[in-house]
Amino acid sequence: MKSLWTLAAAALTLALGASHASAQWGTVKGRITWGGALPYAPDKVKVDKDQAHCLAKGEIAAEKYVVGKSGGVKDVFVWLTDAGDKAKLPIHPSLKEPKEKEVVMDQPCCKFEPHALALREGQTLVGKNSSPIAHNMNWTGGNDNPGNNKLIPAGGEIKIDDLVASPSVVSVSCNIHPWMKAWVRVFNHPYYAVTDADGKFEIKNAPAGKYNVVIWQDMGWVNGGRTGQTITIPDGGTVEVNEKVKPSE
Amino acid sequence: MAATDKHYRSQKALDVVFGVSCVLLLVTTFWMLYDDHVKPYKEVQRDFRDVEAALYQRVLLDKYPAEKMDDVTAARQAVADARKTLDEAKAKLSQPEAWFKQKGLEKARLEAEYQDKKANFDSFGSLLNIAIDDRDAAAPGPKKDSLAKEAEKRKTEIAALDVELQGLQKKIAENEYATASVLADQKKAEEDVGRAEDAFKKLTNEFDRAAKTAAQKRWKFGDWFRSLPIIDGFASAYRIQQVTLNDLTIDYGGFKDVPRYDRCTTCHLGIDRPSFDAASLAKLGDTPDEAKTKYKDAVAFLKDRAKNKEALGFDPDDLPGDLRGAKLSSSQVKEYCAHPRLDLFVDANSAHPVEKFGCTTCHAGQGSATEFVLATHTPNDAAQARTWTKEKGWRSLHDWEFPMLPNRFVESSCLKCHHQVTDLVRSGSKEEAPKLLKGYNLVRENGCFGCHEIAGTKGGRSIGPDMRLEPSPALEQLTPDERAKVLSDPTNPPGTLRKVGPSLRRLAEKTSEEWTRKWIESPRGFRPDTRMPHFYNLSTNSPDVLPEEQKNLPAAEMHAIAFYLFAESRDYLKGADKYRLANEARLKELEDKQKNNTTSEKERKELIEVQRRLELAVKPTPLSQRVVDGDGKPVTLPAAANDKAVLAGRRLFTEKGCLACHSHRATEKAGTDGDGKEIAAVVGEAHFGPNLSRIAAKIGGGNKDAGRRWLVQWILNPNVHFPRTRMPITHLTPEEAGLVADWLLSQDAKDWNPDDVPAPTVDTLKDLARVYLKKAPGVSPLEVDGVLEKGFADERTRAPLMAPDADEQALKGDLTPEKLKYYIGKKSISRLGCFGCHEIPGFEFAKPVGTPLNDWGKKDPARLAFEDAAAFVKDTYHVAELRDDPKDPTKPAKEWEAKEGKRPYEKFFADSLGHHQRDGFLHQKLMEPRSYDYHREVKWDDRLRMPQFRFVHAKARAGESEEDFKAREEKEEAEGREAVMTFVLGLVAEPVAAKYVNNPAPDRAAEIKGRQVLDKFNCAGCHQVRAGLYDVKLTADALEAIQKRSKKDPADFDILRAHNSWGATTTQTGEKATLHGFPTAKQAGEETYSLALTEALRVDRGDTQAEVRAGNIVTVPREAVENLDVTRPYGGTFAELLLPYLARKNATIYNLDALGESDQGRAAGPPPLVREGERVQPDWLFRFLKEPHKIRPLTVLRMPRFNLSDEDAQALVNYFAGADRSSNPGIGLTYPYLNVPQREEAYWRERTKQYVDRLGKDKVEARLKAMRPAWERTLKDQLAEAERQLESAKSRVASAKEDAVRQTAMTLEAETKKTVDALKARVDKGDYEAYRHSYLESEAYATDAFRLLTDASSQKCLKCHRVGNNIPDQEQGPPLESVFERRRPDWVQRWVALPQRLLTYRSVMPQNFSNDKTELQNLFEGDSFEQISALRDVLMNYPKVSELPGVRYGAAPAGGNK
C-alpha cells in the first residue's frame, strides 16, 4: 500500500515536472495610471538640512505618488505569484540566473535613486553615495530581512548581500535626511517589474497559464490586495494588465 | 477494735472489682492498640505504596523502549555475540592458567639459556680476538698456521653459538607472540563486550532504573508483616514524618514561641518528587489493554535478561505481574502530588526547602495533626468543600484560630518574610506572587493606609511592609537638623507614602461647592474609574433604608462637608485660615511672654515650633493675582484659543505625554487639527492619573475664566495647587498649556448632569448638629437644645470651659445656618476621615480613623463583629457556587451572573462569613462595608463609616455582550478584592527570626527599592524599563528561526563579547530557551511571534549551535511560546501608543515597517531605560532626575520634572546601576562612584606614546610641522593674556592708596612683567620646544582622535551631533560636548561600535565604524577598534581636549575643521 502511494506521488511529480518542462511562455505587460485628477501636483518635501546640496537641482517632490504628465504612475511594483501560491513559478531557461550580480541604489541630491527597486534573491544591493555629503542607509524588511543601519560617507558605498525573498517590502531610509525613502522588494523568481516614468511595465518569458499578478506602490496594494488578481497568460501571446492607482483619502 | 481475720471489704466484691478491672484494662489495651492501628494516616501511607508502585510502573512503561525494540534486540544480541567471542577466545586454552604458567616458565628458561649462551658467545669472541692478535703477531711459520687454525676453529665455534643464539631468540619471540596474541584476542573481545554493553545500556539504562525503583516500591510480605497489629508498634512500615522548626515558632495566643512541628509530609508523601505531577496521578486509574500488554512485554524482557544472567541489580520477580491501576479521587491526587514550582519550594535546593521552612509557615493550619480534618484543611471553593465532605468527611473546625489558608490566599504568607513586597518581583520583572503584589499595589493606589495604619515595624523589628503616611511637613521641607532628628529614631522611621488624594486647601479656586456636593454623593457617577470611594447611598445610609427622621441627614451632611471645605479654602487663600490664625495668635502670645521673660522651657520649644510651622505654611498667592511657570516665575495667562486653534491642544495633549498617566475618551476617536490634518485616535489604558473625559464639568465649577486659569496653572506647575502631587512639571510653554487647557475645557461633559444634592432645612441641620453636640466633650446634654437656639455664649467658649481649638467654637454667638453647616462639616470630615487621603485645613494633626491593619491577618475572629451580615448577604446577593470557570479560570463560571437584579456572591465567602471566619468578614467588609449594621438600630454617628471602594475598572471589549461584560466586570472586581484580601491577611505582625527575613544583596536591594519609586511616579508609563522574558519551546521551527539570525556580521566588533548583548551569559541546552526582549509593536503574523532581543541568546543542543546577538528580531512559531512562562516587559506603553499616532501624523518620517515599528517614531518617544545603569554616570543621572533638561533633539516631548526627594532620585539611580550590574556581570559596573581611567594623566601619556610609535618618524614630523601655526597662535594668545594681566597689575599700582597694597601690587607687576618678557623672547626666537614636548608627550593622540569627531569630509559625527561650535543644520543626536558627564566610558565605546546592539529598537544612529574596514587613516591612524576607543577617550575628556592647541586651531595635515 505504502509503495503504491510512493508510486503515485512519483508519477504526480513526474507529471508536474513534465508540464513545467514543456511550459510555454508568454508576456505580461500593461500600464499603471493615475486614478485621481490630472495634472497631479506632488507635495514639496520640506528640506531643512544640507539645503545647498539637496536643492541644487531644484525642489524635491514627495514620492508617495510619482505621476507623469500623461498620467502614468512610476515606481509601481508589479509581479507574478502562483495562483495557488503553493509551488514555485516555472522559470524560463534564459532566466535561470539573474543577468547582473549587483544592483545599485544611489543617493544623489538627497533622494534615493531608484525610489523603487526590485531584485532577485542572490543579487547584491550596492548602496552608493555619489553625493558630496554623508548619508546613511537604514534598511529593514520585517522578519525576513532584519536589515541594518550604516553610514555611507560621501563617495562611499556599502554592499548588502544577504537579502532574501520576502512578501514584506524592505524600506530604505536615511536618518540624516528623514524625508528620503525608497522601497526594495526581493523575489525568488524573475517575474517582476517596476513601472517606468510613463507607468509602463513588461514581464517577458512568463509561464503560460493561470497566475496572479500583484501590484504595490508606496501607499499600498493596488487592486487585488496582497494576493493580487488572477490572469491567464497565453502561450506565446501577451496579456495586458492596466490598473489605476486611486489616491488614498 | 479487736483484731479479726475478717476482711474489711467483702472478698467476693473485691474479686469482682478486680476481675472487671482486668477485663476493662485488657479491653482498653486492645482498644488502644486498635485505635493506633487504624489511624487514618496509615491507610494513606499504605495507599501511597500502591500509588508509588503503580506510578513507577508507569514510569517504567514510559521508559520501556518498545518502539526501539529492534535496536534493543540488536544491541542485546551484540552483547551476547561479543560475550560469545570473548568466551571463545578464552576457551581457546583448555586450562588458561596452566598454559600461561607454562609459557612463563618456558620464557624464563629460554631467557636463562640465552643469557648463558650469550656469555659464552661473548667470551668466545674475546678468545677469537686474542687468537687473531696472536696469529697476526706471530712470524710466519707453523706456529702462525696453528694459531690461524685455532682462530678458524674459534670462528666456527662462534658461528655455531650464534646460530644457537638466534634459535633461542626466535623461540623466545615465538613464546611471547603466543602469549601476546592470546591476550590481545581476549582484550579485544573484552573491549567489544564493553562497547556492546554501553550501547545496550544507552538504550535501556533509564528503563532499568525505573524498573528497579518499581520493583523496590512493591508492598512485600515483610511490609505486611511489620504492619500487623501489635507488631507495628515496633518497626512499623508506617511512620509519622515530621519537620521540627525551633526558630519558626508558633504563637498560640497565650503560649508564645512554641516550636513548630509539621507532620504534613506524613500524608503528602510525593510532595518533593517531580514525577508525582497531578496529571500523571490522575491517570493512574487507567489500565488500557495496550499498556497492559506493553507492561507484560517489559517484565518478560526483564525476566528473560535475568534468566540470561544479565546483571540487573534487582530481582524482576519483585515486579508485580501485571500493570496495576490505582484509581485516585481528586482529593487523593492533591494529597499525593508534588508541590508546584519545586524550583522555588520544598526541594532541598530550592529557595524554601521544607527542612528549613516547614509547611505551616506558609500554609498555616495545625501542623502537628495527622488527620485530614484536624489539620484544618480549608477548601479553596464551594465545589472543593463538597468533594472533601464526601470523600474525606471534611468539616469546618471553628475552634482552631489559624486554619490552613485556602489556596487562593496562600500568597499572603509571603509577606511574613518578604517585607519589601517588591522583592517578590524578580530581577527581570517576573512576579512571583502576582496576587499579593496586585493586592499591595491596590492598597497603595487606593490609599488604604490613609485610614488604616500599616506599620512595618514593631519595637524596632521589621514585621511587614511599611506603608505609613509620610510625615507632614514632608522630609524634604525640613531643615537638615529636623530631618536628622526625624530620621534618627530607629523604632519609628518616617513613613514614605503620600496621601493619594489631592490637597483641598485651594479647592475654592478649582471648582464649585455644587460640583463638590455632587461628587461626594457619587464619585463614580462623575468618573466611573475614580479611586475615591463611595460614602453615601450605601446599605446603611441610602434614603430608602433610613428611618424617617434620618432620611434628610445624608444630604445635609454632604452640604455641610462641601461648605466647610470651601469656607476653609477661601480663608486659606486669604491667608486667614484657622491654622494660620491660631499659630499666629500663639506666636504673639509666646513672644509677649518671652519679652517679659516668663517663658518656661516647654514654651521656648513651642515658640520655635510655632515659628517653624508658620514658616512652612507659606502664604498662598491666589491665582487671580498671578500664574507662574514651572520655575515659579510669573507668566501672563495666554489668550483663550479660538475654536480652530483649540484643536492644536488635542495634539499637544496626545503627544506631550499626558496619556502616559491619564486617559480621555475624546482621544479614542480620530479627529482633525486646526489645519484639517488628521489626528489619529489613541486609546490609552493609563489610570495612574484621573480620567479627564469630563474635566470640563468640574474645573471652575461654572466660572469659565477661573477654571481656565486654574487648569493652565495646574498644567504649568501643579505644585502651586498641591506641593505633594505626583503630577510633574511638564515644561509646556504658557501658550501650549493654554491650548491644552482650552481643548480639555472644550470637551463636552453634558452626559453628566445629576440633580444637586437637596439643600437641608435649618431643622435638619439642627438635628444633625444635635447628634454631635450631645457627644461633645464638656457640653452637657441639658444645654444642647439651648445652644441650638442661640449658640454658645462668648464666656462659655473661653477656657477652661471650652478648649480654644474645640470644634464647638464654631457655634459661638448667634447661630446661623452657615455656622451649623461649618460645625457639621467639620464633625463629619473628622468622623469619616477624609483627611486620610486629602490635605484638609483644620485637620493638620488628625489621627487616622480606621482600624490598624498591622496584625489584622491574625485577628481573633471572636473579636470581629459579624452581626447580621450573613442575613444581608442572603437577602441582597445571588449566591453562586463558583466564580471561576473550573475549566478556564480566566473566564467567569456559568452561574456567575446577576440574578433577579442581585449581584453574584461567591458561596465560598458566604460560607466563610457564616462560619465566622476572618476571610469571610474581610470580604464582606470590602464588598459592602456597612452591611454589618443590617437589621440593627444604630444612631446616625455610630453607623459604620468605612466607604465602599471599587478596585478594578473593566472596560467593555469590542463585540462583548452586555451580560458577558457585566459578568466579567464582577469577576475582575472580585479578583481585585481578593488580591487586597490576600495582602491584608498576610499582615500578621509576627517577627520572624532574622535568618528567615528576606535580606537581599545590595544590588538586589537597590532594585527592590527602586522599583517602588518607579511605581510611585509611574516611570514605566512612558519608558520601557525591563525587557520581558519569553520561554520558547525549541521546536525544529524555532531552532531554524534562531539559526537564521545566528549569522555573524564581519563588520561587528567581536572583541566586545563580554557584554551580554554581544555574548550570551548562559548557554541554553534544554527543551526550551528563555529569550530576553520586547515583542515588536505588531506581531509578524497569526502563526508567528516576533521578539526584538535585548540580550544575546546562545543555544547549544548538539545538533544545533547558534548565537544570536541582541538587536536582532527573532520570529518564532506561535505554538513555541504558547502555554509557556512569559513575563511581560515592564513599561513602555506610551512609547508604543505614539508609534501609530506619529505614523499618521507624518508618514514619511515615522512610517511603520512590516512589524509596526518605526525607528524615527521610537526615537521621537520616551527613551527606553533598559541598560540605563550601564549607560549613564550615576551623579549625572541624579542631577538629571532632579532637574531634567532637554537632551535628544528628535523627541516630540520632554521629560517632565517630578518632585522627587533626594532619596527617591538616589533610589532610582541605584536601581538602574544595581539591576545592570547583576544582569550584565561582564561589564564590571561600579556605583555609586565611577572611575574614569581615561581621565588620568598616565593613561594619556601611555596612549600618546603608543600612537607616536605607531605613526612612525616621518608622519610625526609632518604633524609637528603642521602644528607650528597652531603653536604660534597659542603662544600669541598666551602673550596677549599675560600683557592683559600686566596692564591690570599696572593700573592696580596706580590706583593703590595704601603703601602696603601698593607694595603687593608692585611685586605682582614685576612678576607679570617677567612672564611677558619671557614669552616675548619665545615669540622672537620662535621657541616652541615646550609645545613640541607636550605634543609628543600627551597630545598627539588626542589631537588626531579629535579630528575623527569633527572631520567635515567624512561627517561621521558632525552630521547629526553638535560638537562645540560645530552645529549641524538639523540636530538629530544629543550634543557631544556633554557626553563626558553623562555617559560611562565603556558605554560610549560600545555604542559607537554598534548602536544596534544596545537599543530595544533599530537605532537611528548608523553603524559608523566597521570591524572589517580600515578608514580615515589620514585623520587618525589605527584600525576601527582603535578609532572608536580613541573617540571614547576624547569624548570622556572633552573639556580638556577642546583646549589643546591642535584642537583649538585645527592644525591638521589633511581634512579637519577650519
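**View 1. A buried tryptophan, A:W79, and its aromatic partner in this predicted model.** With a relative accessibility of 7%, A:W79 counts as buried. Its partner A:F187 is buried too, at a relative accessible area of 6%. The two rings form a tilted aromatic pair, with 5.3 Å from centre to centre and 50° between the planes. A:W79 belongs to strand 4 (residues 77-82) of chain A and A:F187 to strand 12 (residues 181-187) of chain A, so this pair ties together parts that are 108 residues apart in sequence. Over all chains, the count comes to 53 aromatic pairs.

**View 2. A stacked pair in chain B, B:Y1251 with B:F1420.** Here the ring centres lie 4.7 Å apart and the planes meet at 20°; because planes under 30 degrees apart count as stacked, this pair is stacked. Look for B:Y1251 in helix 40 (residues 1241-1295) of chain B, and for B:F1420 in the loop between helix 45 (1395-1398) and helix 46 (1424-1436) of chain B. The pair therefore ties together parts that are 169 residues apart in sequence. Both B:Y1251 and B:F1420 are buried.

**View 3. The aromatic cluster around this pair.** Step back from the two rings and you will find B:Y1251 and B:F1420 in one aromatic cluster with B:Y1243, B:W1244 and B:Y1341.

**View 4. Charged side chains over tryptophan rings in chain B.** B:K698 lies over the face of B:W519, 5.8 Å from the ring centre. In another close-up, the charged end of B:R1382 sits over the ring of B:W1180, at 6.0 Å from its centre.

Key. Residues numbered from 1 in each chain as written. Chains lettered and ligands numbered in written order. Predicted model: local features only at pLDDT ≥ 70, side-chain atom pairs only at ≥ 80, totals over all residues. Heavy atoms only, no water. Phe/Tyr/Trp six-rings, centres within 6.5 Å; stacked < 30°, edge-to-face > 60°. Helix = DSSP H or I, 4+ residues; strand = E, 2+ residues; numbered from the N terminus. Buried < 20%, exposed > 50% of the residue type's maximum accessible area, 1.4 Å probe, protein only. Lys NZ or Arg CZ within 6 Å of the ring centre and 35° of its normal.
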